Amino acid sequence: MAAGSVAKLVFITSLLLFVFVTSSDSASLHNLFLRRQATILLSLKQAFEPPQNSCLTRWNVSNYKSLCTWTGIKCDAKNTSILSLDISNYNISGYLSPAISDIHTLVNLSVSGNSLSGTFPVDIHKLVHLQFLNISNNQFNGSLNWQFSKLKELVVLDAYNNEFSGSLPLGVTDLSKLKHLDFGGNYFSGKIPPVYGSLENLDYLSLAGNNLVGYIPKQLGNLTNLNQLHLGYYNLFDGGIPAELGNLVNLVRLDLSSCGLKGPIPPELGNLNKLDTLFLQTNQLNGSIPPELANLTTLKSFDLSNNVLTGEIPVELFSGLNELTLLNLFLNKFHGEIPRVLAELPNLEVLKLWQNNFTGSIPSMLGQNGKLTEIDLSTNKLTGLVPKFLCSGRRLTILILLNNFLFGPLPEDLGRCDTLSRVRIGQNYLSGSIPNGFLYLPQLSLVELQNNYLTGQLEQRRSKLLTKLGQLNLANNRLSGSLPASIGNFSSLNILLLNGNRFIGDIPSDIGRLKNIFKLDMSRNNFSGQIPAEISNCLMLTYLDLSQNQLSGPIPDQIAQIHILNYLNISWNHLNQSLPKEIGLMKSLTSADFSHNNFSGPIPETGQYSVFNSTSFIGNPQLCGFYLSPCNDSATSPIRADKQNNINKSKVSGKYKLMFALGLLVCSLVFAALAIIKTRRVRKNSNTWKLTTFQKLEFGSNDILECLKENNIIGRGGAGIVYRGEMPNGENIAVKKLLGISKGSSHDNVGDFGEDGMDIVQWTKIKTNWSKEGVVKILDERLKNVPVDEAMQVFFVAMLCVQEQSVERPTMREVVQMLAQAKQPNTFHLQ
């Protein structure tokens, strides 16, 4: 009895000891397996830049026992093996380590939405359990020569938006379970393999945005399980749309846009009765819209824009498309009337039919569904009234009807359309007044009503309402009355065009509240009074035209505070007194017109006054000097007499003055580029500095050299290093130290200039004898296809640009004008 008890006790003890040892070994193995996987993940992390990514702080070997709680990690039910690694959209750069293929248990791998680059690990086929692979939106490159046949379980392969190249991989056809394939947005080239038509389980296929050519294989019509097919954008296919695509009866989205397709739209596409999106825009499709497309009763987005389609819009086509929200037919050759049925579509939101040949009136009930957000019917031949229901649902944001033959008033309801953002109805025959409240709509950013017959006054608003209006064009109408002071409430205005109307009265001083305006044109009105000094508060102005009004008084001196103004026209007014000397200090002012006023006294001889055109001062009988009759009190001035002689010589013809320009741009660029090359050559052969100043400075070369210290570096670029420096007068400057050209440089010498200290101007003068006919001696042989006459004309302009006397050099504006005429033979002549 005792012996039996002892034996029993020994058995139980042995069993407990066995269980303890087995459990201890299992725990050790579990920890060992976790530690091994953690080591692999840390190898991945080390390949990222920087490795200490804030999103992956939990990826630490000391924390390996909690591996299954690490960021982006999911394990199996026993917390033993990693099943999913998802580090999408973590802003990770660097590369993906080949160690990824050692996590053999992976089912899901997603690294999308990062900046990973380099080649993708070729041993990915070792992940034989992988079902989901998403590497989209990275910068992976190279070809996809994977062993796809070993990835038998793969269901999703998404490589969208990378830099893969080469031919489309044929191996994907071994993936019998594949349902989602996206190779879009890469650099794949060649043809679409017809064998892709054997991937019968696919429900999503995108090859868009590559460099594919050839014909779209008709075998793709075998993919009857497809819900989405994307083949457009940057691909350039031959031929047209295969009729076999009409077999894809489960297709919901078909996108064949921007891929060079030609020919008619196959009527077989009418079989795709589950389609909700059909994009065929930006191709070369021709013919008419097949009436069979009326069967696409679930269609929501329909875009045939930018093709060469013709004919009328079939009424029967749209009578059953009650789900349609977007219709784009712009940039085609459609004609006839816009069908009334379009106005009856209950869900239509976007309608763009611009630049066709539509005639007749806009359907009067358009917008009655209350859902319209965007309308563009511009550049047609439409007549009649603007429909009054366009904004009935208070959703309309864009209304573009410009360049038609519309007449009558603007609907009063537009003044209550608070959602409107952009309105362009210029170049029509509209009449009546601008609806109350229209210009003060809270979301309005652009208004173009120019070239109509609008009348009445602009609405005055006393309260300061915040508006977003950035551009207002009311030019060439019949608007009248005074300009309301509330014009200053449009603080966001960049462009205000009121020219060609019948406005009267003073220009309100509130115009100075337009702090962001850069173009202001109030010409060809009947404004009177003085130019308000407050206009100088518009410091962003670059263009100001107040010509052809009834303005009087002096030019306010404060206008010189607009430092970036480059165009000023105040001609044909009644302005008087003298021309302000301060205007001569406006270095940006390249064009000014003071003609046909009552200015008196001498024209200032300083600054910009010397570059204005001679016609800028005519029609002012009491104005003297420069291009006009000499002033009595300065007739003996040798400086003015010398200038007058030079002016008389240059008055041969306005055309000849024009030719004083073309070369400045050409010569300046050539001279600067070749001077840099010369400097680099000198520097290569010498350790000494050679500095040349091109204008008078208040500091010397030694001050510049003091800046070239390591602790003064503020930037580096391909052309050299940039240093900051402070001059003795306290002025801060930036100095670029240009890099020298190495001995193995691919830059060629231009002629033999630069040798013996000869610069480009001297070399050119010697080679051509300073005649434009001599340009053939220095013309680069690679320019043999350039007409000699044209080269001679451009060279002549360049000669003008390097004249020793500054008064003999053309202005930049004249250079541009002469360059524009360089292709016209015999435009310029030597004098």
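## Reading the core and the sheets of a predicted model

Trainee: Which residues does F594 touch, not counting residues up to four places away in sequence?

Mentor: F594 touches I555, L568, I570, S571, L579, I583, F599, Y609, F612, S616, F617 and N620. Please keep in mind that this is a predicted model.

Trainee: How should such a list be read, and which residues touch the most other members of the largest nonpolar core?

Mentor: The general idea is that nonpolar side chains tend to be buried together in soluble globular proteins. In this structure, the largest nonpolar core has 180 residues, and F183 and F594 are the ones that touch the most other members. The elements that contribute two or more residues to this core are helix 1 (2-46), strand 2 (73-75), strand 3 (82-86) and helix 2 (315-318). Helix 1 gives the most, with six residues. There is also a second, separate core of five residues, including I704, C707, M727 and V735.

Trainee: What figures describe the chain as a whole, such as its number of residues and the share that is buried?

Mentor: The protein chain has 831 residues, of which 45% count as buried. It contains nine helices and 49 strands. Among contacts between residues at least 6 apart in sequence, 51% join residues at least 24 apart.

Trainee: Turning to the surface, how much area does the protein chain expose?

Mentor: The exposed area is about 40200 Å², and carbon and sulfur atoms supply 52% of it. One nonpolar surface patch, of about 500 Å², is made by L385, F405, F407, Y429 and Y453.

Trainee: Where does F407 lie, and why is F407 classed as neither buried nor exposed?

Mentor: F407 belongs to strand 29 (residues 405-408). Buried requires under 20% relative accessible area and exposed requires over 50%. The value for F407 is 41%, so F407 is partly exposed.

Trainee: How is a sheet to be read, and in what order do the seven strands of the open sheet stand?

Mentor: In general, strands of a sheet pair through backbone hydrogen bonds, in either a parallel or an antiparallel manner. Here the seven strands follow the order 1-4-6-8-10-12-14, with mixed pairing. Strand 1 (48-49) and strand 14 (211-213) are the edges; each has a single partner strand, so one side of each is without a neighbour in the sheet.

Trainee: Which strands of this sheet pair in the parallel sense, for instance with strand 6?

Mentor: Strand 4 (residues 93-95) pairs parallel with strand 6 (residues 115-119) over three bridges, and S93 stands opposite S115 in strand 6. Strand 6 is in turn joined by three bridges to strand 8 (residues 139-142), again running parallel; there T119 stands opposite N141 in strand 8. Strand 10 (residues 163-167) and strand 12 (residues 187-191) likewise form a parallel pair over three bridges, in which G166 has F188 of strand 12 as its bridge partner.

Trainee: How many bridges link strand 41 and strand 43, and in what sense do they pair?

Mentor: Strand 41 (residues 550-553) and strand 43 (residues 574-577) pair in the parallel sense over two bridges. The bridge partner of G553 in strand 43 is L575. Strand 43 also runs parallel to strand 45 (residues 598-602), to which two bridges join it. In strand 45, N598 is the bridge partner of N576.

Definitions and conventions
Residues numbered from 1 in each chain as written. Predicted model: local features only at pLDDT ≥ 70, side-chain atom pairs only at ≥ 80, totals over all residues. Heavy atoms only, no water. Helix = DSSP H or I, 4+ residues; strand = E, 2+ residues; numbered from the N terminus. Buried < 20%, exposed > 50% of the residue type's maximum accessible area, 1.4 Å probe, protein only. Contact = heavy atoms within 4.5 Å. Areas by Shrake-Rupley, 256 points an atom, 1.4 Å probe, with all protein chains shown as cover. Patch = residues over 30% accessible without salt bridge, like charges linked within 9 Å, V, L, I, M, F, W, Y side chains within 5 Å. Salt bridge = Lys/Arg side-chain N within 4 Å of Asp/Glu carboxyl O. Pairing = 2+ DSSP bridges. Core = buried A, V, L, I, M, F, W, Y, C linked by side-chain atoms within 4.5 Å.
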